[in-house]
Amino acid sequence: MSNLESSPLIPKRVTTTNQRIHNVLVQILTLVWFLCLPLRTVVGAVLWTFSFFFWRPFVAVFTRTPFAGMLARFVERNTWVVILFFALPASYVFDMFFTIRNWYVRSFLAAPKLHDQRVREVQAQVRRWNEEGRQKPMCTARPGWLTMSTRSSTFKDDCSRISVNLHDIIEVDTERQIVKVEPLVDMGQITAHLVPMGWSLAIMVEMEDLTVGGLLMGVGLEVNSHIYGLMFETVERFEVVLGDGSLVTCSRTENPDLFHALPMSHGTLGFLVSAEMRIIPCKPYMHLTYEPCHSLDEMSDKVTKYCESDNPPPFLEVTVYSKETSVIMLGEFADVTTPEQRAKINSVNYWWKPWFYKHVAKFLETGPSDEYIPLRHYFHRHTRSIFWKLEELIPFGNHPIYRYLLGWLGAPKIAFLKLFTHTPEVRRKVAESAVYQDIIVPISTIRESIILFHEEFEFYPLLFYPVKLFYKAPGCEGLIRNPKHVKEGTNPPWEMYFDLGVYGIPGPVQRGEPWDAAKANRAMEKFARDNTGMQLMYADTWQTQEEFEEMFDHTLYRKCREKYNAIGAFPEIWDKVKPQDQR
Ligand SMILES: NC(=O)C1=CN([C@@H]2O[C@H](COP(=O)(O)OP(=O)(O)OC[C@H]3O[C@@H](n4cnc5c(N)ncnc54)[C@H](OP(=O)(O)O)[C@@H]3O)[C@@H](O)[C@H]2O)C=CC1
Ligand SMILES: C=C(/C=C/[C@@H](C)[C@H]1CC[C@H]2C3=CC=C4C[C@@H](O)CC[C@]4(C)[C@H]3CC[C@]12C)C(C)C
């Protein structure tokens, strides 16, 4: 028995019939596991031994030698080799493991009971950290390579790592229209659970590996954020372990200051251990209408009109293919009942299908159209191509031969891309020669923003998701600044913003011309600050601390750090996100 389990803080487990079945199954599986020894040895040895016991130490040692540059060049020029032979198979095995594990936990282990026990384990770790003299500030033990962040920061090396290993969906309450989840539940897990029940998160974020904790303690948004706002707006209650090990809950009425300060606080106020989030009923299909636009003005006018109308389309996304061309996608949940509708079904996520954004680009030539996409296919439409990033990594990835032969392997997990290809040297080069950035700015700046991105990055496609930012009453203003030009007569007041994202190698770099990463990124950040906008902090920032604090309002955040015992217990956000050279 571990020390934690013998602790008086943790209740003894109750053995239920399900758990007895669980015990028998564990014994059977152990037997099967041993009987499969030869297969296990081959697969396990090739994948895990190579990745964890050879590749990482090899990279660590190699990067200290004069050959580091050579390795970086090899990885850079032959990224597809590393991805095809290591990242893809590892991702496949990892996904299979988690699919089985999640099914198993759902079927045989009582998650609500385990939740309380696991929260106590987090509390026990924090209390132990206090008893041992509060040496280094705390952060979650999740390793950097497993996260979705492209940041090069290494703050975790200077922190005490607390394991917040909470992976489960605790409860779906269709009457209250709430799902209660643990922070490491990811988007893929949620759609697999909710969609067959006829429900969806109010904001169902696209990428399967994004976690609830990361999206709420960072920023989450999707193509219906022009209705619901950022993901944290759909939260009813947070449950948090504070720096002294106590457990608090907060909502709009209970500890409201903490409730409003938590979003975007990046784990610097406490450890999130559960969140209650709004769910909405859904239908089996998304009816998607494609409207190609052939000028920036046409797109800007149409999008503004749709977003600000009294009856906006429930889902709205734009993919910008060049300064003047883009496709607007308008979606609504739908049933498919008639033969005409059935003829328009397109399961876009089957592995042999063309990547979604390539499919959408065709409407620029063929004109407006519509189709019915099965809901899970729609929710995860960009996963297979990692938006438009995979083409750079596997240039032949959308070729029909590749799709039919190897498409079933799916996309490499971002975590494994990072694990296998991010040597420090590569990371440095990426920051100087590629851009992964999103800003959220008012919809009134569509033209200026796209022109700015064209001048600074000259990379397409661009991602465009409209987002409603709600005005917060005095005392409730969190890190995200209040919008300045709210729409008259709305309650609560709001202003329409949009997320503009650029992910890839800028035009000048592709052509072998000079490109000043610092200048371009700083111009983008200044534009966001000047327009009461913000940058998404999963990415590297090039701002100074003063500029960062001009972008994000630290007033309530700092009050809460003091009131809820976070000072000394957790780093400040800036310490987590600041650029490497400001450490
Ligand atoms: N559509 C969208 O909205 C998209 C959003 N993103 C971005 O990706 C990030 C999410 O990625 P993901 O890998 O899921 O998350 P991460 O592991 O990157 O976590 C993001 C931040 O949240 C903190 N955090 C996570 N879990 C907890 C917890 N239980 N308690 C306290 N703090 C916690 C982390 O703290 P710590 O540093 O201590 O680990 C970290 O600072 C977000 O920043 C989001 O903006 C990316 C793509 C799309
Ligand atoms: C914020 C949004 C979407 C963002 C995604 C497109 C990016 C989020 C994380 C990005 C990536 C993470 C790590 C990577 C590993 C590198 O080796 C290659 C690049 C990348 C795959 C990179 C690509 C872009 C992201 C997926 C929207 C939806 C608001």
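Domain bounds here come from an automatic or database domain assignment. For the protein chain I noted domain 1 (11-109), domain 2 (113-281), domain 3 (286-384) and domain 4 (436-552).

Before going on, I reminded myself that this is a predicted model, where local features need pLDDT of at least 70, side-chain atom pairs count only at pLDDT 80 or more, and totals for chains, interfaces and linings use all residues. Residues are numbered from 1 along each chain as its sequence is written, while chains are lettered from A and ligands numbered from 1 in the order in which they are written.

**Entry: ligand 1**

I looked up the surroundings of ligand 1, counting a residue as near if its C-beta atom, placed from the backbone, lies within 6 Å. There are 30 residues around the ligand, and Cys 139, Gly 213, Gly 214, Gly 218 and Gly 267 come nearest. Domain 2 and domain 4 each give at least three residues to this shell.

Next I checked the helices (H or I, at least four residues) and strands (E, at least two), which are DSSP runs numbered from the N terminus. Strand E1 (138-140), helix H8 (212-217) and strand E8 (271-281) each supply at least two shell residues. H8 has the largest share, with four residues.

**Entry: domain 3 and domain 4**

I found 24 Å between the centres of domain 3 and domain 4, taken over C-alpha atoms. Their contact (C-beta atoms, placed from the backbone, within 7 Å) takes 15 residues from domain 3 and 13 residues from domain 4. On the domain 3 side, helix H11 (296-308) and strand E10 (315-320) give two or more residues. H11 gives the most to that side, six residues.

Conventions. Contact = placed C-beta atoms within 7 Å.
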